[in-house]
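This report describes one strand, its pairing partners and a few residues around it. A surface patch is treated at the end.

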Amino acid sequence: MIRQQPDIVIPRSVEMPPARLTHAQNGVRIYTLSSDDFEVVRFSLVFRAGTSVQAKPFVASTTLNMLGEGSAKLSAQQIADELDFYGSYYDVNIDRDYTYISFCSNTVTSIFLIGVRDLTTTVAASSPVRLIF
């Protein structure tokens, strides 16, 4: 039996709350979208550190992909266990101009933020953007 694909429905409008813009002390722009409908926290760090600014081929993508392999403070297993304990995950992506690191969690805890800070130390050290937690 072949199933029929449902019709594509294009909504006439999409309602989305406006983003709130604030600035950290060092000038970093912080956009916030709040919703009472979801008990999930997601934040993304965006660095101008894509493949176009790397000194050698594959340096940017290798550095980004090594974030989950451990750090000076946490082993790869400790990072995975800490994120998993809090129902969290992270995702990395890189393009020509930017590097993106996104974290998602069903809770906000100081332990989660410490893990995020530790994971992003390598990228922040080589980027003009400083992270504020």
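The text below covers a predicted model.

**Strand β5 and its partners**

Strand β5 spans residues 99–105 and is mostly covered, with 6 of its 7 residues buried. Strand β3, residues 41–47, pairs with β5 in the antiparallel sense over 7 bridges. Within this pairing, serine 44 stands opposite serine 102 of β5. Strand β4, residues 89–94, also pairs with β5 in the antiparallel sense, here over 6 bridges. The connection from β4 to β5 is a hairpin of 4 residues. Isoleucine 94 has threonine 99 in β5 as its bridge partner. As a general point, side chains in a regular strand alternate between the two faces of the sheet.

**Threonine 99**

Threonine 99 belongs to strand β5. Is this residue buried or exposed? Threonine 99 has a relative accessible area of 4%, under the 20% limit, and therefore counts as buried. A polar atom of the threonine 99 side chain lies 2.6 Å from the backbone oxygen of alanine 49. Apart from neighbours within four places in sequence, threonine 99 is in contact with Leu45, Val46, Phe47, Ala49, Gly50, Leu64, Asn93 and Ile94. Ala49 in that list is the residue of the polar pair, and Ile94 is the bridge partner.

**Serine 88**

Serine 88 sits in the loop between helix α2 (76–85) and strand β4. Its relative accessible area is 9%, so serine 88 is buried. Which side chain makes a polar contact with that of serine 88? The partner is serine 105, and the contact between the two side chains is 2.9 Å.

The two polar pairs described above are set out here.

| Atoms on one side | Atoms on the other side | Distance |
|---|---|---|
| Threonine 99, side-chain polar atom | Alanine 49, backbone oxygen | 2.6 Å |
| Serine 88, side chain | Serine 105, side chain | 2.9 Å |

**A nonpolar surface patch**

Val14, Met16 and Leu33 form a nonpolar patch on the surface. Together these residues have about 350 Å² of accessible area. Valine 14 is located in the segment before β1 (20–23). Why does valine 14 count as exposed? Its relative accessibility is 67%, and exposed means over 50%, so valine 14 falls in that class.

**Summary**

Strand β5 is paired with β3 and with β4, and 6 of its 7 residues are buried. Threonine 99 is buried, as is serine 88, whereas valine 14 is exposed.

Technical notes: Residues numbered from 1 in each chain as written. Predicted model: local features only at pLDDT ≥ 70, side-chain atom pairs only at ≥ 80, totals over all residues. Heavy atoms only, no water. Buried < 20%, exposed > 50% of the residue type's maximum accessible area, 1.4 Å probe, protein only. Helix = DSSP H or I, 4+ residues; strand = E, 2+ residues; numbered from the N terminus. Pairing = 2+ DSSP bridges. Polar contact = N/O pair within 3.5 Å; in protein donor to acceptor, adjacent residues only side chain to side chain. Contact = heavy atoms within 4.5 Å. Patch = residues over 30% accessible without salt bridge, like charges linked within 9 Å, V, L, I, M, F, W, Y side chains within 5 Å. Areas by Shrake-Rupley, 256 points an atom, 1.4 Å probe, with all protein chains shown as cover. Salt bridge = Lys/Arg side-chain N within 4 Å of Asp/Glu carboxyl O.
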